[in-house]
Amino acid sequence: MSATLSTLSSGMNSMAAAIYEDFLKHKLDGKITDHQATMLNKAIVVSTGVLSTALAFLAEPLGGILRVCVSVMGALSGPMVAIFVLAMFFPRSGFWSCIVSFIVSNVVMLIICFVNFIEDPYRDLYLPTNTSTAGCGSLNFTIRDPPLYNAHYGDPSTTFIARISTYSYAGVGFAVMMAVGIAINILKPEQKPEGIRHLTFAGRKDKWPESDHEYDHFIGASKSP
């Protein structure tokens, strides 16, 4: 119990600190005292705790906590990874290509998640057992009959996007953002080639250092008179 409380408290404190540092500090810096900033962080912690508790109650009607976690984390992690991949391998991309592709991919994944929860194509998928009513006497038992279709592939009467597995959401979100980001990058490159600062000597077309280690090159240059 103590380990669970410690994990939850550290997560909420980290979330409150991130919200304050990234979204509020630059607007409130110099306008509030340290005591007021501390109280504001505590209020954010309480708010995140209430929101987390409310989301916990919503997990059951949405199909269970595991399904919700896999769906949400998969839908968000794909576009987040695509941001770094787009920046590393397509250096001409800039603010607009990243933000537009990120928003589009998240909207697409939100639609897919919403359709999946509404139509629930895997509602008849369950593990088969050897249960029978033999020897039950007059007791009332209900045994579910397997559907006429292969439940592993979802209900064929539902839409295709609803039958996309929740474990594929990360890949789908990644692919959507990369496709949109690359298209914007090709149509409207935001970085000029001469303004791109590459990480390697070959990319920068600089002279390769004569020493075995590139740090030795800078150390030697700093020691030279």
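## Report on a predicted all-helix model

Cys113 is buried, its relative accessible area being 11%. The model that contains this residue is predicted. A second cysteine, Cys98, is likewise buried, at a relative accessible area of 19%, a value that falls within the class because buried means under 20%. Across the whole structure, the search for disulfides returns zero.

**Overall architecture**

The protein has seven helices and zero strands, and the order along the sequence reads α-α-α-α-α-α-α. Its 225 residues include 21% that count as buried. The accessible surface comes to about 16600 Å², and carbon and sulfur atoms own 67% of that area. Among contacts in the protein with a separation of 6 or more, 72% join residues that are 24 or more positions apart.

**Annotated spans**

An unreviewed UniProt entry lists residues 39-59, 65-87, 94-118 and 167-187 under "transmembrane region". For two of these spans the geometry in the model is as follows. In residues 94-118, helix makes up 96% and strand 0%, and the end C-alpha atoms are 36 Å apart. In residues 167-187, helix makes up 90% and strand 0%, with 32 Å between the end C-alpha atoms.

**Helix α4**

Helix α4 covers residues 95-119 and holds Ile111. Asn116 also lies in helix α4. The two residues fall into separate accessibility classes: Ile111 counts as partly exposed, at 46% relative accessibility, whereas Asn116 is buried, with a relative accessible area of 3%.

What does Asn116 touch, leaving aside its neighbours within four places in sequence? The contacts of Asn116 are with Arg67, Pro121, Ala162, Ile164, Thr166 and Tyr169.

Ile111 is part of a nonpolar surface patch, together with Ile103, Val107, Phe160 and Ile161. The area of this patch is about 470 Å². Ile111 can belong to such a patch because a member needs over 30% relative accessible area, and the value for Ile111 is 46%.

**The salt bridge in helix α1**

How many salt bridges does a search of the whole structure find? The search finds one. The pair is Lys25 and Glu21, with the closest N and O atoms 3.6 Å apart. This pair qualifies because the cut-off between the side-chain nitrogen and the carboxyl oxygen is 4 Å. Both residues sit in helix α1 (residues 2-28), and because they are four residues apart there, about one helical turn separates them. Lys25 is partly exposed, at a relative accessible area of 34%, and Glu21 is also partly exposed, at 43% relative accessibility.

**Leu58 and Val68**

Leu58 is found in helix α2, which runs over residues 34-59. With 46% relative accessibility, Leu58 counts as partly exposed. Val68 follows 10 residues along the chain from Leu58, and the C-alpha atoms of the two are separated by 9.4 Å.

**Accessibility of the residues discussed**

| Residue | Relative accessible area | Class |
|---|---|---|
| Asn116 | 3% | buried |
| Cys113 | 11% | buried |
| Cys98 | 19% | buried |
| Lys25 | 34% | partly exposed |
| Glu21 | 43% | partly exposed |
| Ile111 | 46% | partly exposed |
| Leu58 | 46% | partly exposed |

Note on methods. Residues are numbered from 1 along each chain as its sequence is written. This is a predicted model: local features need pLDDT of at least 70, side-chain atom pairs count only at pLDDT 80 or more; totals for chains, interfaces and linings use all residues. Side-chain values use heavy atoms; hydrogens and water are left out. Patches are made of residues with over 30% relative accessible area and no salt bridge: like charges are joined within 9 Å, nonpolar side chains (Val, Leu, Ile, Met, Phe, Trp, Tyr) within 5 Å. Accessible areas come from the Shrake-Rupley method with a 1.4 Å probe; for residues, only the protein chains shown count as cover. Helices (H or I, at least four residues) and strands (E, at least two) are DSSP runs, numbered from the N terminus. Buried means under 20% relative accessible area, exposed over 50%, partly exposed in between (1.4 Å probe, protein chains only). Contact means heavy atoms within 4.5 Å. A disulfide is a pair of cysteine sulfur atoms within 2.5 Å. UniProt positions are given in the numbering used here, feature names are shortened, and annotations may be inferred rather than shown by experiment.
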